[in-house]
Amino acid sequence: MTRLFTPKVVTANDLLDGDVVWLTEDGRWSRSIHEAELLEDEAHATIRLLLAQSQGRRVVGAYLADARSGEHGPEPVHFREAFRTRGPSNYSHGKQGGI
Amino acid sequence: MYAYNDFDEAFVRERVAQFRAQVERRINGSLTEDEFRPLRLMNGLYLQLHAYMLRVAVPYGTINPTQMRQLAHIAEAFDKGYGHFTTRQNIQFNWPKLRDLPDILDALAEVQMHAIQTSGNTIRNVTADHFAGAAADEIEDPRPYPELLRQWSTDHPEFQFLPRKFKIAITGSPNDRAVTKAHDIGLRMVRSADGVPGFEVIVGGGLGRTPMVGKVIRGFLPTGELLPYVEAVVSVWNLLGRRDNKYKARIKITVHEHGLDEIRRLVEERFAEIRPSFSGVDPQLLAGFKQHFAGPDLAVRPVDAFDAARRADPAFRSWSDTNLAAHRAADYAIVTISLKKPGATPGDATSAQMRAMARIAETYGHGELRISHEQNVILPHVHKSDLPAVYRALREADLASANVGLVSDIIACPGMDYCALATARSIPVAQEIAERFDALKLDHEIGPLKIKISGCIYACGHHHVGHIGILGLDRAGVENYQITLGGDGTEDMVLGDKTGPGFSYDEISDAVERIVRAYLALRLSQAETFLQAYKRVGLEPFKAALYDREAQADAA
């Protein structure tokens, strides 16, 4: 049985400060998941991931993460990815605290 | 404590200069991440969930006030004003920027600190009894030995590409506060039949995915033979250890697969081979180190002020009941500063708190500080007459929680709030449990109880040896917490028993409270600790408390 492809975003960490970033449709790295390109086609997702992985001077550890379409743009599906959009839960640090 | 000589100073500075160039080459694109990663790990730099993380070694948990102040400075200048003390007696900074790393390492080098071999498949920072040099029950201060091991293992050419990381712990006391049986090598000081100090050498312990209690490979090793013997063990494992599967690479699996007797035979064979090549430089070095660790000149003064304060101030009495341990000198005490204020992050200290601890150590503690694997800070030598003043100063720094060894003195790894490997959060679980029991005002009634929480199976939070262990997992995309009971990290090390199905994030504090209430109901008297009661009654009553009520609630 072929596995159904579920929508993804390309995400990574910024090389210089380690902050979480997402790949946008126009090839930028955004600090907000809402600006990410939601990849609904598996072949296209693979190509976008390859592009991301070729940008090792800007980002580290690019991978595809499950996402879904939301009111403001793509949203995380898994709790780990949700934490990556915010920051830690013990202090208002990271994205939720303006880094 | 140990002070760097010219060689150490030059070595650490040179390493920083190398790393500065490596960072520059990474940023300008000359190095790929695949090339840079092993280099940054050699210098303690991880890339975590939200940011880089720098792990700084606190060798065998010993740190002086100048160093503590420099950590405070680094936290302020390069991070977010705090540091996180870990279960391996290190400190981690959670938010450094890549460009700042060389400057941070330079700042560390200024105070004789570094981050070398705090990561990677090398021999890691050797951990030690945090009461070393002060404890009443100690045979000998063990710290000269890990200093010897540190110098020997740092950049040791044979041991830079081990099958996996390698962790050593040491204690100079028969009462094991260093969890030696959960290490690749554990060294526990014992006396021979004729009273000579030596080491019981334990091998193949570890927690993580496949928890195992370490086994005694040599009942008595003369202290002078420590280095060649440890080298023999690492060398045998370096050849036999599995490099095909990282989950089977640790020495605990090697010992398990080949059997203790075969490993012992190979180690003794290797030991006999290399022993003659150790020319005696190591005992000479050791004798020098012992002078570095000569204890402070202890004062002889009346202790009336301590007794008077205990009579006058119930808060001080409560704190001194829980946070003091017996010192080898009757007029002194070992103070444990709790970094576990209920609701706070276990092991975190702000820059202001680090400076306060440095100041208190200088004023009242002979300038000595230790980090414990239980994520607290120790003042090893405080004269009892100074304890009221120490307590007042700790209160001003919000560091006077009277809860050491109690339910709210929880060990917790960073978990999914920071760690890229974690499968669930640990910190907020610790915060909620501690706040829950603080609100119930039950902590002193419950008595000694160690809760240990890990956010993944690698077990940095030592959950297997918690009286109550909590392991956070990802079950079908939801955080789920598995409970173990009856674990014990002392010389009688026992791995905890799984209770059964796990609990959700919202249920875990309730579950822990049910366990504790079951204990309070079934204990024979207040003198019977949780662990003693568990050993007496076993898992069943606690399972009933955990799950029967679940069933009732479901039925309702």
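**Helix α2 of chain A, the chain contact and the core of chain B**

Just after α2(A), G87(A) takes a positive phi of about 130 degrees. That value, like everything below, comes from a predicted model. Within the helix itself, F83(A), R84(A) and T85(A) are buried. The buried residues of α2(A) pack against two strands of chain A, β2 (20-23) and β5 (73-76).

The same helix turns up again where the chains meet. There, 22 residues of chain A are in contact with 23 residues of chain B. On the chain A side, β4 (59-70) and α2 (79-86) each supply at least two of the touching residues. The largest share comes from α2(A), with four residues. Sorted by class, this side of chain A has ten polar, seven nonpolar and five charged residues.

Moving to the interior, the largest nonpolar core has 174 residues. Nonpolar side chains in soluble globular proteins tend to be buried together. The residues with the most contacts inside this core are L54(B), V203(B), V233(B), M357(B), L379(B), I470(B) and I515(B). Helix α6 (residues 226-240) of chain B gives the most to the core, namely nine residues. As for L379(B), once neighbours within four places in sequence are set aside, it is in contact with V335(B), I337(B), I360(B), A361(B), G365(B), L369(B) and V390(B).

Next comes a sheet in chain B. Five strands make up this open sheet, in the order β3-β14-β15-β12-β11, with antiparallel pairing. At its edges stand β3 (62-63) and β11 (324-326) of chain B; each has a single partner strand, so one side of each is left without a neighbour in the sheet. Strands of a sheet pair through backbone hydrogen bonds, in either a parallel or an antiparallel sense.

Strand β12 of chain B can be followed from one partner to the other. With β11(B) it runs antiparallel, joined by three bridges, and A326(B) stands opposite A333(B) in β12(B). These two strands, β11(B) and β12(B), form a hairpin with five residues between them. With β15 (residues 377-383) of chain B, strand β12 (residues 332-337) pairs over five bridges, again in the antiparallel sense. Here A333(B) stands opposite V382(B) in β15(B), while T336(B) has I378(B) as its bridge partner in that strand.

How much of β12(B) is covered? Six of its six residues are buried. Both faces are involved: Y332(B), I334(B) and T336(B) are buried on one side, and A333(B), V335(B) and I337(B) on the other. Two of these, V335(B) and I337(B), are among the contacts of L379(B) in the core. Helix α12 (residues 351-364) of chain B lies across β12, β14 (369-371) and β15 of the chain, running at about 20 degrees to β15(B).

A last stop is V516(B), which lies in helix α16 (residues 508-522) of chain B. Is V516(B) buried or exposed? It has 25 other C-beta atoms within 10 Å, and the cut-off for burial is 20 or more, so V516(B) counts as buried. Leaving aside neighbours within four places in sequence, V516(B) is in contact with V407(B) and I446(B). Further along the chain, F542(B) is 26 residues from V516(B) in sequence, yet the two are 8.8 Å apart in space, C-alpha to C-alpha.

Note on methods: Residues are numbered from 1 along each chain as its sequence is written. Chains are lettered from A and ligands numbered from 1 in the order in which they are written. This is a predicted model: local features need pLDDT of at least 70, side-chain atom pairs count only at pLDDT 80 or more; totals for chains, interfaces and linings use all residues. Two residues are in contact if their C-beta atoms, placed from the backbone, lie within 7 Å. Ala, Val, Leu, Ile, Met, Phe, Trp, Tyr, Cys and Pro count as nonpolar, Asp, Glu, Lys and Arg as charged, and the others, Gly among them, as polar. A nonpolar core is a set of buried Ala, Val, Leu, Ile, Met, Phe, Trp, Tyr and Cys residues joined through C-beta atoms within 7 Å. A residue is buried if 20 or more other C-beta atoms lie within 10 Å of its own, exposed if 12 or fewer, and partly exposed in between; C-beta atoms are placed from the backbone. Two strands pair if DSSP finds at least two bridges between them. Axes are lines fitted to C-alpha atoms, for helices over the stretch in contact, and angles run from 0 to 180 degrees between N-to-C directions.
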